[in-house]
Number of protein chains: 2
Amino acid sequence: MNFLEERIIRYGVIKEGNILKVDNFLNHQIDIDVIRQMAYEFQRRFKGKTVTKILTIEASGIAIATLVGLLFNVPVVFAKKSATANCTDDRYVSEAYSFTHKRMNKVLVSKPYINAGEKVLIVDDFLADGEAAHALIDIVHQAGADVVGIGIAIEKGQQQGGRKLREEGYHLESIAIIESMDWKTQTITFRKQEKEAIENANIKASWV
Amino acid sequence: MNFLEERIIRYGVIKEGNILKVDNFLNHQIDIDVIRQMAYEFQRRFKGKTVTKILTIEASGIAIATLVGLLFNVPVVFAKKSATANCTDDRYVSEAYSFTHKRMNKVLVSKPYINAGEKVLIVDDFLADGEAAHALIDIVHQAGADVVGIGIAIEKGQQQGGRKLREEGYHLESIAIIESMDWKTQTITFRKQEKEAIENANIKASWV
């Protein structure tokens, strides 16, 4: 079990309707050790890729994306969500259905912040049906830029987003992939991954 | 002029109605160099304080707060905003008027994430009338915790939030304080501060 899977087992709360709450360390309170390890793990898994920009979506993706941007030493852009925004000349707009809020959200990025030819690494906290990821990919393509990879903290493997993105040929890396979870027994199983996450040792010392 | 004031002069856009847009490096695209310098500057200005938690509010505060949390090596909590949330037993609720959205927002923090006796450093990107800052202070006090300081990137010195917070005795540090700005001429003047921001030199090398 890697560091993130351990944290999910210890602090995650499963709610009815296939909902996993990780407010303790990711979505409300942010455990610096956990997201620092995630950033290093994404650096390892996307090693050798040219990355000119990190793209995420507000709000929970911002903390992880910031540390990934710090490691890759490139700017971070967070897409904005709006239920009501109109299309204008100065921004790219896509759409994603929000299961949390049960509504269609517009996803917006101002045009100056993704340029044609850029190499974009998409980073987010969760992947379920891939709605947000596909909206971000759509925006990168509207800008004439390339998606070099997609780094996800927690993939809900029972939903279809991960399978679709891999079939579409994207380099998707999820640090924890949930195979199944049961809110009645509060049990989770994870998909075995080929690449094992790096160990915690000596990471902290090298950052600050 | 310090690093943030320079960035505001170069990339900030002043809009009618006393609005300053810093989407280029803070509120939409995040310039890693800028927020890294901010984090070091907050560390310097709050040196010697005991800090057990960083508290900010979604979404733009999260990136800065994450790096401050990394430097202080303490967890970060981001308060959530909601137009509709109800009070429940498991969360602290306060209110703040949003000038951007022209409405009253609820500000929410789940109770487990701020404990009695904690030493909380509040961090945010903007301070204008102090609505968000006062809501966060209210929540810290509801939790029986202490506010050890308030670190702001950009204070709008023409509005009353900064004056009020200083009169109330809070240790408020704003890296850039706007004295006046004019959208017609796109000119900004900053308040002279006693403490000069640290220089950029050798900061990058020590982080990654």
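In these legends, helices (at least four residues) and strands (at least two) are DSSP runs, numbered from the N terminus. The model shown is predicted.

**View 1. A salt bridge within helix H3 of chain A links Arg36(A) and Asp33(A).** Start here with a pair of charged side chains. The closest N and O atoms of Arg36(A) and Asp33(A) are 2.4 Å apart. Why are these two residues about one helical turn apart? Arg36(A) and Asp33(A) are separated by about one turn because they sit 3 residues apart in helix H3 of chain A. Over all chains, the structure holds 24 salt bridges.

**View 2. Helix H1 of chain A crosses H3(A).** Look for residues 3-11 of chain A, which form H1. The axes of H1(A) and H3(A) come within 10 Å and cross at roughly 150°. The crossing of H1(A) and H3(A) is left-handed. From H1(A), the contact uses Phe3(A), Leu4(A) and Arg7(A), and from H3(A) it uses Val34(A), Gln37(A) and Met38(A). Sorted by class, the residues of this contact are 4 nonpolar, 1 polar and 1 charged.

**View 3. Helix H1 of chain B crosses helix H3 of chain B.** Now turn to chain B, where H1 covers residues 3-11 and H3 covers residues 32-45. Their axes come within 10 Å, crossing at roughly 150°, and H1(B) passes H3(B) in a left-handed crossing. Which residues of H1(B) meet H3(B)? Phe3(B), Leu4(B) and Arg7(B) do, and they meet Val34(B), Gln37(B) and Met38(B) in H3(B). The contact of H1(B) with H3(B) is made up of 4 nonpolar residues, 1 polar and 1 charged.

**View 4. Chain A and chain B meet in an interface that buries about 3,100 Å².** Of this buried area, 63% is on carbon and sulfur atoms. In chain A, the residues that lose the most area to chain B are His28(A), Leu70(A) and Tyr113(A), together 23% of what that side buries. Chain A brings 38 residues to the contact, and chain B brings 38 residues. How many salt bridges join chain A and chain B? The count is 0, while 14 residue pairs are in polar contact across the interface.

**View 5. Several helices and strands of chain A supply residues to the side that touches chain B.** Helix H2 (23-27), helix H3 (32-45) and helix H4 (61-72) each give at least two residues, as do strand E3 (29-30), strand E5 (76-82) and strand E7 (103-110). Which element gives the most? H4(A) does, with 7 residues. By class, this side of chain A has 21 nonpolar, 10 polar and 7 charged residues.

**View 6. Cis peptide bonds precede Ala59(A) and Ala59(B).** In chain A, the cis bond joins Glu58(A) and Ala59(A), with omega about 0°. Ala59(A) belongs to the loop between strand E4 (53-57) and H4 of chain A. In chain B, the cis bond joins Glu58(B) and Ala59(B), with omega about -5°. Ala59(B) is found in the loop between strand E4 (53-57) and helix H4 (61-72) of chain B.

**View 7. Gln186(A) has a positive phi.** The phi angle of Gln186(A) is about 55°, although this residue is not a glycine. Where does Gln186(A) lie? Find Gln186(A) in the loop between strand E10 (172-182) and strand E11 (187-190) of chain A.

Note on methods
Residues numbered from 1 in each chain as written. Chains lettered and ligands numbered in written order. Predicted model: local features only at pLDDT ≥ 70, side-chain atom pairs only at ≥ 80, totals over all residues. Heavy atoms only, no water. Axes fitted to C-alpha atoms, helices over the stretch in contact; angles between N-to-C directions. Left-handed = near helix turned anticlockwise from the far one by under 90°. Contact = heavy atoms within 4.5 Å. Nonpolar A, V, L, I, M, F, W, Y, C, P; charged D, E, K, R; others polar. Buried area = accessible area lost by both parts, 1.4 Å probe. Salt bridge = Lys/Arg side-chain N within 4 Å of Asp/Glu carboxyl O. Polar contact = N/O pair within 3.5 Å; in protein donor to acceptor, adjacent residues only side chain to side chain.
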